[in-house]
Amino acid sequence: MSFAADGEPQGAMPRRLFTIALFLLLLVAARAGASATSMAIDPLIHLSADRVSFSFDRYTIDARGHVVVTTSNGLVIHGQTFSMDLKLDRYLVAGHVTLQAGGHTQHGAAVSAYLQYDRLYVVPITGEPDRWTFINNDLTKPYKGLIMPGDVFYFADFGPKRPFLTARSAVIRPLHYVRFNNVRLPVFGAPLPLPTYYLNFSADPNLVQNSLSGATYDLTYNFAGNEHSISALHLRYDSLNKGYMSFEQHLSGRNGYAVVSLNPATRPEKYWNTVLDYQPNQRLSIRTFTQLYTDQSWLHTPSAAAQWSVATLTYALPKSFVQLTGFQTNYRLVDSPAESKNHPTYLQFTATTFPHQVGKLPLYESMNWGLGFNHDSYGAYGIGGLQKFGGYEYTTIWNHTLGFTLYTPSLRLTHHVPAAKMYYFNASFTHSRQYFSVPHFTDVQTTSASISRQFSTSLGAYLNYQVQNVGDIYKVGGYSAYTPVINGVSYPSFAAFRGIATFRTLALGINGSPDPAFNWTILARVHRDFPKPEIGLFTFTPYNVLGNITPPAQLGEPPYDITADVRFRVARHLNLEIQRSYFFHYGTINWSPTFFVQFTP
Amino acid sequence: MKRIFPLLVLSALLLAAVAPPSGLQMTGQVLDFERGYIFLTTGDAFRLADRVRILDAKTLKPTARTPEPRDFARIFFDDFGKVSAIELSGAPLPIEAPPAGIEKFVVALSTPYSLPTPTPNPNAKPDRFHPHFTPGKIVAVTFTVQVPPNTPMNAQVYITTDASNWNPQAILMHRIDALHFRVTRKLASGTDFRYLYTRGSLQTVERAENGMARKPRRLLISDADARAVGDIVYRWADDSSNGITAQPNAIPTQFNPAPFPNLPPGVPTPHP
């Protein structure tokens with residue numbers, strides 16, 4: 001066993017973290033299992049047939065030939081064909097049907113089950129055909145002659161398209177998921193055989209929480225799962241890692257959820273992420289995010305490893321809430337001289353009030369206050385401490401924050417006019433000041449006002465003006481005059497910068513939605529910022545995967561831009577969005593780097 | 001002429017044998033065909049005549065195939081109300097309702113059972129929603145949401161729903177002023193629509209006013225011609241009032257008390 005510089009056995013830290021993460025996961029899984037028992041209300045349906053087809057468009061299952069349906073509440077149905085609408089939560093078995101339950105057998109033409117209402121509608125053949133209804137799973141008592149819904153024996157609409165997949169059998173948990181077995185998934189016209197395919201359609205958004213970073217392309221294969229878990233493989237591509245594979249495990253219960261992922265799994269630089277969210281009651285919630293970075297070939301001993309964790313505890317009060325956030329980073333978990341040994345710790349306590357109306361005015365306010373502790377005894381990459389100022393290295397910095405927000409809801413500017421001629425006014429003002437134990441404070445102040453008008457039900461426009469002042473102000477000294485020289489080009493306009501920047505933006509937005517399946521927007525903006533944006537002075541703000549600029553106020557915004565966005569439906573469950581921006585008079589930058597094209601269900 | 005006459009008679013006889021009978025007829029989709037009955041998806045069953053002719057609806061020629069579930073059929077009745085011929089088709093046939101007189105041949109409906117209205121399963125039935133309207137009508141639903149004042153001006157707001165398997169960018173909304181976004185969607189009445197607002201990912205989903213994760217909003221679409229929904233988002237999950245947000249696959253940057261993320265290279269750090 002080798003030892004790292006600080007005496008810890010090499011690799012002990014990842015193992016300890018792994019143990020803690022495993023324990024927390026087991027806790028969440030146990031909670032999920034416990035709640036699963038109490039939440040299971042619908043029977044589990046096992047379906048087998050010569051051919052089981054699934055339509056993604058309609059969320060319907062169609063099975064033909066030697067159909068056998070077995071439910072977890074003791075029902076066995078044989079028939080020629082099966083049809084189920086997963087969203088409507090009902091299924092139908094038709095053609096030479098045999099219904100078996102509790103040692104009894106009944107022959108008939110069709111059986112239709114309305115699972116949400118525990119109704120079973122049957123067309124039995126007892127000498128002559130009849131109609132019977134069974135209620136609350138009591139199959140000993142047929143209610144004869146009850147009026148049935150008019151479409152009770154209708155086959156679910158499968159649509160004209162080819163099935164999304166075919167299989168030999170399926171397990172269905174109504175209103176939650178379906179898991180197909182012996183699957184054939186058409187890929188470019190050829191059937192791709194898969195052992196299983198899991199599809200979740202539950203109302204639980206926590207089952208699709210993710211812990212993966214963005215990728216240019218992501219093909220997800222859910223290979224296992226039930227109503228409280230999903231196991232998924234991701235085939236991904238991005239410009240840095242190229243093609244690679246990732247794994248993600250989701251767990252969800254009544255009071256929390258967990259997500260664990262390994263991404264990329266097939267590249268040396270791996271990120272092991274864990275998200276845990278636990279809300280034991282309506283007032284308290286705990287959320288953690290832990291990331292372990294390793295540089296290792298497959299699962300061999302890593303040559304480098306780092307970890308960071310953030311945990312947030314939120315407690316709700318009657319008119320406010322408080323949050324305690326802890327943040328810990330270890331840049332070096334194995335003995336790697338290339339990595340920094342520093343391990344900063346941040347703790348932050350904040351209190352935030354609910355929006356509150358000021359008197360009877362059309363004005364709302366909310367406030368927040370915070371206290372923070374930041375510590376790093378090693379310092380960042382040999383710099384020493386967290387910040388150097390006045391010849392002193394600060395290894396601990398305290399800070400406290402005070403902020404408030406004032407805003408108006410939509411105020412009518414015109415009265416007694418038709419809605420299409422009505423103008424509305426909005427305004428907001430936010431101010432936040434953060435004091436540090438290093439003698440300086442930062443100010444962020446944003447003022448925004450807009451006028452809007454809806455010209456018709458399908459056409460609206462707004463004009464917005466926003467001023468943002470950002471300052472980093474030192475009681476003594478601070479930023480000194482400096483003229484950057486980059487690639488031999490001097491930028492004297494920056495010399496006036498002393499730690500205060502101003503961003504002014506005038507925006508005109510027009511949007512039209514002549515049809516819910518088709519809508520468009522045009523956004524034209526003028527920026528007047530200080531320091532003045534000049535080509536090559538500031539790095540150009542990259543677009544994220546959503547096509548948005550991520551930081552709200554970055555230096556170097558191009559002075560004029562116009563963005564057009566069109567979104568329309570190309571199939572029943574598929575929308576296409578196309579977006580592109582144009583920048584005026586900003587050096588060689590005219591068009592945004594690429595068209596932003598996105599398909600969404 | 002003598003040659004033609006027998007040919008005409010023969011043709012007429014053939015046509016009479018092959019062509020479907022005229023008179024009482026209807027169309028429907030087959031549910032089952034057995035034990036002397038044909039069953040339709042309406043739940044009705046009709047007794048078969050002793051010799052039923054099965055024809056192909058396209059060619060009108062006899063076929064050896066027997067009706068199977070999902071087949072579409074045109075059914076002909078004889079004078080006794082029994083099914084005398086069936087034309088089969090794989091595609092839907094024009095709707096032909098049963099003539100008034102045919103009702104008496106429907107074999108169904110026992111003597112009505114006298115019992116009170118059955119109680120639905122209290123665990124499974126939706127608790128708050130008791131629809132008393134026609135489902136399936138297309139309704140234009142307009143969602144308008146007020147977002148927190150600290151929402152970036154360049155942010156996009158989406159609706160994520162269970163209908164899209166919680167895709168965080170399922171429905172794009174349009175900004176209508178500094179604080180409001182709006183979108184109109186066509187939804188079928190009867191839809192139990194569960195949704196949340198996001199800024200494009202589940203890391204930026206809305207939170208409750210008290211900072212806790214909120215349960216999905218729920219909307220049952222009634223059969224009105226149009227519907228307007230107004231919601232308020234009080235805060236986003238990534239609101240960084242404490243200055244810390246977690247993003248996957250990113251080693252955190254060093255502590256930086258300066259609020260400027262992209263100062264030019266070489267700018268001296270603050271000093272006394």
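**A tour of two sheets and two cores**

Select strand E6 (residues 138–146) and strand E10 (residues 180–188) of chain B: 9 bridges join these antiparallel strands. The model is a predicted one. To see one pairing in detail, show Thr142(B), whose bridge partner in E10(B) is Thr184(B).

Next, extend the selection to the whole sheet, an open arrangement of 4 strands in chain B with mixed pairing and the order E9-E10-E6-E14. Strands E9 (174–175) and E14 (226–232) of chain B stand at its edges; each has a single partner strand, so one side of each lacks a neighbour in the sheet.

Move on to a second sheet in chain B, also open and of 4 strands, ordered E8-E7-E11-E13 with antiparallel pairing. Here strand E8 (171–172) and strand E13 (217–220) of chain B occupy the edges, and because each has a single partner strand, one side of each is left without a neighbour in the sheet. Select E7 (residues 158–161) of chain B with E8(B) to view an antiparallel pair held over 2 bridges. Within this pair, Tyr158(B) lies opposite Leu172(B) of E8(B).

Now turn to chain A and centre on Val93(A) and Ala110(A), the residues with the most contacts inside the largest nonpolar core, which has 65 residues. Strand E4 (residues 90–101) of chain A contributes the most to this core, with 6 residues. Around Val93(A), display its contacts beyond four places in sequence: Val67(A), Val69(A), Ile77(A), Gly79(A), Phe82(A), Ala110(A) and Val111(A).

Finally, select Tyr407(A), Tyr462(A), Phe143(B) and Ile159(B), which are among the 25 residues of another core, lying apart from the largest one.

Notes
Residues numbered from 1 in each chain as written. Chains lettered and ligands numbered in written order. Predicted model: local features only at pLDDT ≥ 70, side-chain atom pairs only at ≥ 80, totals over all residues. Pairing = 2+ DSSP bridges. Core = buried A, V, L, I, M, F, W, Y, C linked by C-beta atoms within 7 Å. Buried ≥ 20, exposed ≤ 12 C-beta atoms within 10 Å, placed from the backbone. Contact = placed C-beta atoms within 7 Å.
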